[in-house]
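User: I'd like a close look at one helix in this one, please. After that, walk me through whatever else in the fold deserves a stop.

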Amino acid sequence: MISPLHEAIDQASKVLHNAIRRTDNEGYLDLDRDLSIGDAELEISTLEVVLGPLYQACSSILARAKQKRNLLAPVNRLSTELLVYVLGMVVDDYAAWNRHRAIRTLGSVCNRWRFVIHGTPAFWKCVYDSHPLGYICDALSKSDPHPLQISIQCDDGRTRHQDFIDGIRKHQPRWNVLSFGFDRSICTNCIQHVLASDHVPLLRTVHLRGPANDSRTAVIPTPLFQGQAINLQALSIEYNIVMPWEPATFPALRSLKLEGIYRHAPTFSQFVALLQSRCLELETLVVRSVDFQGTFHPPQGAVLQFPNLATLSLVVIEGDLVSFVVGSVQFLVCQTLEIRVAMETMERGSSFLSRCLARASPALQSAASKLPDMKAELEVLDRHIEYTANSGEQYRFLIRLSVFEDAAYQSGWTPESLTRVTSAIPPLPLSVTFTCYEDRALPFDPMLCLEGTTTLRLETRADESTPLALQRLGEPIIVDGVNRFPFPHLEVLDLTGGKPVPEDVLMMLANRQSHSAQESQTEYPRKLKKLMVPWYKEFLDETRRIQEILGDGRVTGWW
């Protein structure tokens with residue numbers, strides 16, 4: 001790699017050696033001689049003749065060293081395959097619409113990087129109509145034969161998108177990912193031409209995005225697919241798109257996403273027909289904020305089969321539809337579950353939620369045994385309840401239920417409905433938030449069965465809610481003939497949002513922590529590790545006694 005550099009150095013050393021030897025033989029280096037001005041000028045001119053080639057040799061050495069500098073860098077010791085992988089990671093960090101800037105920057109570092117960038121088709125796979133025309137031409141030619149990712153934004157004010165479509169149409173056999181963005185545009189010819197399965201055999205992903213503005217609607221007058229989309233694996237439709245919701249079969253579909261379709265959404269029957277279209281390979285199903293038309297009636301004898309479903313996200317209003325879909329989910333397979341549903345009554349909502357939790361309990365316990373950092377949380381509000389269990393990005397389970405405000409259910413949760421839900425909570429370490437913003441207190445007794453609770457937060461405005469909860473925490477209950485205090489594994493108690501009276505807190509702690517030998521039939525809970533309370537100055541005696549019961553450093557908030 002550095003042989004040209006060695007060659008230049010050897011050549012310069014030979015020239016210098018010969019010059020010194022010649023001048024020494026001719027006596028030019030004898031500076032003790034008496035020289036005239038003419039003789040000195042003659043020797044200077046002779047030395048200039050000798051030094052000229054030396055200067056040129058040095059300049060050549062420096063120029064060659066500068067050219068070979070990048071070749072000596074450690075990164076260029078990598079093999080071509082590994083360099084392609086590293087540069088690919090850098091390019092992928094850029095947004096697809098800005099990918100051309102990364103390619104241009106990396107390709108200008110050195111000749112080798114430029115050769116690698118321009119000689120690897122995968123770097124040129126993304127082609128957007130917003131890219132410069134020169135880059136689009138280069139990408140279409142240099143990406144061959146790699147599959148293409150095409151993005152078309154059909155804006156009303158853009159005149160070049162049709163030319164862009166005409167240019168990329170020649171490369172349809174390589175289309176792999178197709179994304180359309182609409183802004184009140186029809187683009188009939190484009191849609192009709194590109195979404196025929198026989199024209200795009202490699203097409204795996206289709207993303208259609210309408211205008212997010214509620215006052216605008218994108219119209220697609222023709223059906224998306226004619227018959228079967230044999231190879232399609234991912235279909236995403238977002239925002240206001242008017243299109244014929246004709247049933248099609250997707251035998252290879254793995255991901256289906258419908259989001260933000262508020263007008264001209266499919267009917268319930270069309271949506272169910274879509275799910276029944278042989279989607280046996282479906283792994284991801286996302287339905288968020290879709291106003292389905294008509295009224296949902298569970299089809300008689302219809303069964304959805306999702307044996308491989310790993311991600312389910314349903315954010316809709318119709319509870320019967322959610323129940324119908326959730327009933328086909330294998331919870332032991334599903335790694336990400338998000339259900340946000342609103343129902344008309346507490347009775348229906350609590351029944352649905354308890355069934356979901358009961359079916360999911362074995363899967364949650366199995367996940368908790370494999371993922372030690374898994375956390376479960378329960379949040380109870382007046383007309384809302386949310387249960388989550390997650391372990392970072394490996395596992396996520398969320399069910400959120402809201403109940404419509406109705407005159408018959410203004411009191412919020414009833415003891416029966418709340419008991420139905422809490423009795424189905426899986427026995428996992430749990431963090432509970434109990435919130436009440438209404439004038440009436442929420443029923444706290446149904447929470448007492450959650451023995452796995454390690455953190456309890458009370459946030460209430462009703463005057464009787466916090467004293468009632470503290471009273472129940474300090475009273476043992478009989479379980480299998482043994483007196484046991486609620487929440488025996490409680491470690492953190494947060495009362496900062498409940499405005500408790502220190503006397504009530506002191507009484508509760510005294511009852512829970514006063515171990516007595518005479519009461520051998522009573523099981524006392526573990527001592528709290530942390531008590532969080534509001535700031536009070538006028539109850540110094542009570543706060544000092546609370547500090548004595550729990551120990552120093554375990555109470556925060558009181559001074």
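The helix comes up next, followed by the other stops. Which residues of helix 9 are buried, and what covers them?

Analyst: Quick ground rules before we dive in. This is a predicted model, so local features need pLDDT of at least 70 and side-chain atom pairs count only at pLDDT 80 or more, while totals for chains, interfaces and linings use all residues. Numbering starts from 1 along each chain as its sequence is written, and side-chain values use heavy atoms, with hydrogens and water left out.

Now your helix. Helix 9 spans residues 268–275; helices here are DSSP runs of H or I with at least four residues, strands are E runs of at least two, and both are numbered from the N terminus. Its buried residues are Phe-268, Phe-271, Val-272, Leu-274 and Leu-275, where buried means under 20% relative accessible area, exposed over 50% and partly exposed in between (1.4 Å probe, protein chains only). They sit on the same side of helix 9 because they cover an arc of only 155 degrees around the axis, taking directions from the helix axis to the C-beta atoms. The cover over them includes strand 8 (255–261), strand 9 (284–290) and helix 10 (319–326).

One of those covering strands has an oddity. Ser-289, in strand 9, has a positive phi of about 55 degrees without being a glycine. Ser-289 is partly exposed, at 29% relative accessible area. Phe-487 also has a positive phi, near 50 degrees, but this residue is in the loop between strand 18 (482–484) and strand 19 (492–497). At 1% relative accessibility, Phe-487 counts as buried. As background, most residues other than glycine have a negative phi, and most peptide bonds are trans. The bond from Asp-144 to Pro-145 is cis, with omega near 10 degrees, and Pro-145 lies in the loop between helix 6 (133–142) and strand 2 (148–154).

Zooming out, the chain has 15 helices and 22 strands, and 42% of its 559 residues are buried. Among contacts (heavy atoms within 4.5 Å) between residues at least 6 apart in sequence, 67% join residues at least 24 apart.

Then there's the largest nonpolar core, with 129 residues, in which Tyr-387 and Phe-397 touch the most other members. Such a core is a set of buried Ala, Val, Leu, Ile, Met, Phe, Trp, Tyr and Cys residues joined through side-chain atoms within 4.5 Å. Helix 11 (residues 346–370) gives the most to this core, nine residues. Leaving out residues up to four places away in sequence, Tyr-387 touches a set including Leu-357, Leu-364, Phe-397, Ile-425 and Leu-430.

Last stop, a helix pair. Helix 4 (residues 99–107) and helix 5 (residues 111–119) pack at an angle of about 145 degrees with their axes 8 Å apart; axes are lines fitted to C-alpha atoms over the stretch in contact, and angles run from 0 to 180 degrees between N-to-C directions. Ile-103, Leu-106 and Gly-107 of helix 4 meet Trp-113, Arg-114 and Ile-117 of helix 5.
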